Amino acid sequence: MNELLTPEERAQEVKRLVSQLQAEGRTDLLLHAIGVPLLEELRIEAAKGRLSRLVITKDYRFILEDYQKEVELQPVHKAVYLLFLVWRRERCWIRRR
């Protein structure tokens with residue numbers, strides 16, 4: 001019977017079953033059923049539509065340009081991120097030589 005359903009119909013069936021398990025408070029079974037690797041893949045897929053360009057201002061503020069929101073980071077986290085950017089840029093520059 002499952003072979004007769006379209007992918008969209010199967011997705012609706014999965015949604016119905018997920019809703020039932022959630023209503024019963026059994027999200028543990030959902031996690032067990034889909035597994036952590038698929039959960040991570042779904043998280044990445046969900047994030048694709050929400051990515052924004054990052055602008056770093058002269059005073060080292062991190063702004064998500066598409067949302068006009070500042071990313072609040074501790075100074076040490078900003079430093080690590082900037083260090084990574086510099087390291088990556090230098091590494092690419094050395095490769096191009």
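Exposed means over 50% relative accessible area, buried under 20%, and partly exposed in between (1.4 Å probe, protein chains only). The model is predicted: local features need pLDDT of at least 70 and side-chain atom pairs pLDDT 80 or more, while totals for chains, interfaces and linings use all residues. Residues are numbered from 1 along each chain as its sequence is written, and side-chain values use heavy atoms, with hydrogens and water left out.

**View A. Glutamine 68 sits in the loop between β2 and β3.** Strand β3 covers 69–71. (Helices, H or I of at least four residues, and strands, E of at least two, are DSSP runs numbered from the N terminus.) Glutamine 68 is exposed, because its relative accessible area is 63%. Its phi is positive, about 50 degrees, although glutamine 68 is not a glycine.

**View B. Tyrosine 60 lies in the loop between β1 and β2.** The strands on either side are β1 (54–56) and β2 (62–64). Tyrosine 60 has a positive phi, near 65 degrees, in a residue other than glycine. Aspartate 59 and arginine 61 join their side chains in a salt bridge, at 4.0 Å from N to O. (A salt bridge is a side-chain nitrogen of Lys or Arg within 4 Å of a carboxyl oxygen of Asp or Glu.) Arginine 61 is partly exposed, at 35% relative accessibility. Elsewhere, Arg53, Glu65 and Asp66 belong to one network, joined by salt bridges that share partners. The search of the whole structure finds 7 salt bridges.

**View C. Glutamate 13 pairs with arginine 16 in helix α1.** The helix spans residues 7–23. N and O are 2.4 Å apart in this salt bridge. The two residues are 3 apart in the chain, about one turn of the helix. Glutamate 13 is partly exposed, with a relative accessible area of 31%. Arginine 16 is also partly exposed, at 39%.

**View D. Helix α3 holds the pair glutamate 40 and arginine 43.** Their salt bridge brings the closest N and O atoms to 2.6 Å apart. Helix α3 runs over residues 36–48. Glutamate 40 and arginine 43 are 3 residues apart, so about one helical turn separates them. Glutamate 40 is partly exposed, with a relative accessible area of 37%.

**View E. Helix α1 packs on helix α2.** Helix α2 takes in residues 27–34. The angle is about 140 degrees and the axes are 7 Å apart. That makes α1 oblique to α2. (Axes are lines fitted to C-alpha atoms, for helices over the stretch in contact; angles run from 0 to 180 degrees between N-to-C directions. Under 35 degrees is roughly parallel, over 145 roughly antiparallel, 65 to 115 roughly perpendicular, and the rest oblique.) From α1, Val18, Leu21 and Gln22 meet Thr27, Leu29 and Leu30 of α2. (Contact means heavy atoms within 4.5 Å.) The residues of this contact comprise 4 nonpolar, 2 polar and no charged. (Ala, Val, Leu, Ile, Met, Phe, Trp, Tyr, Cys and Pro count as nonpolar; Asp, Glu, Lys and Arg as charged; the others, Gly among them, as polar.)

**View F. Helix α1 is followed by glycine 25.** The helix has 17 residues. Its first and last C-alpha atoms are 24 Å apart, close to the expected 24 Å. (The expected span is 1.5 Å times one less than the number of residues.) Glycine 25 has a positive phi, near 70 degrees.

**View G. Alanine 33 belongs to helix α2, and arginine 88 to helix α4.** Alanine 33 is exposed, with a relative accessible area of 64%. Its C-alpha atom is 41 Å from that of tryptophan 87, and the two residues are 54 apart along the chain. Helix α4 covers residues 75–96. Arginine 88 is partly exposed, at 49% relative accessible area. The C-alpha atoms of arginine 88 and serine 52 are separated by 20 Å, with the residues 36 apart along the chain.
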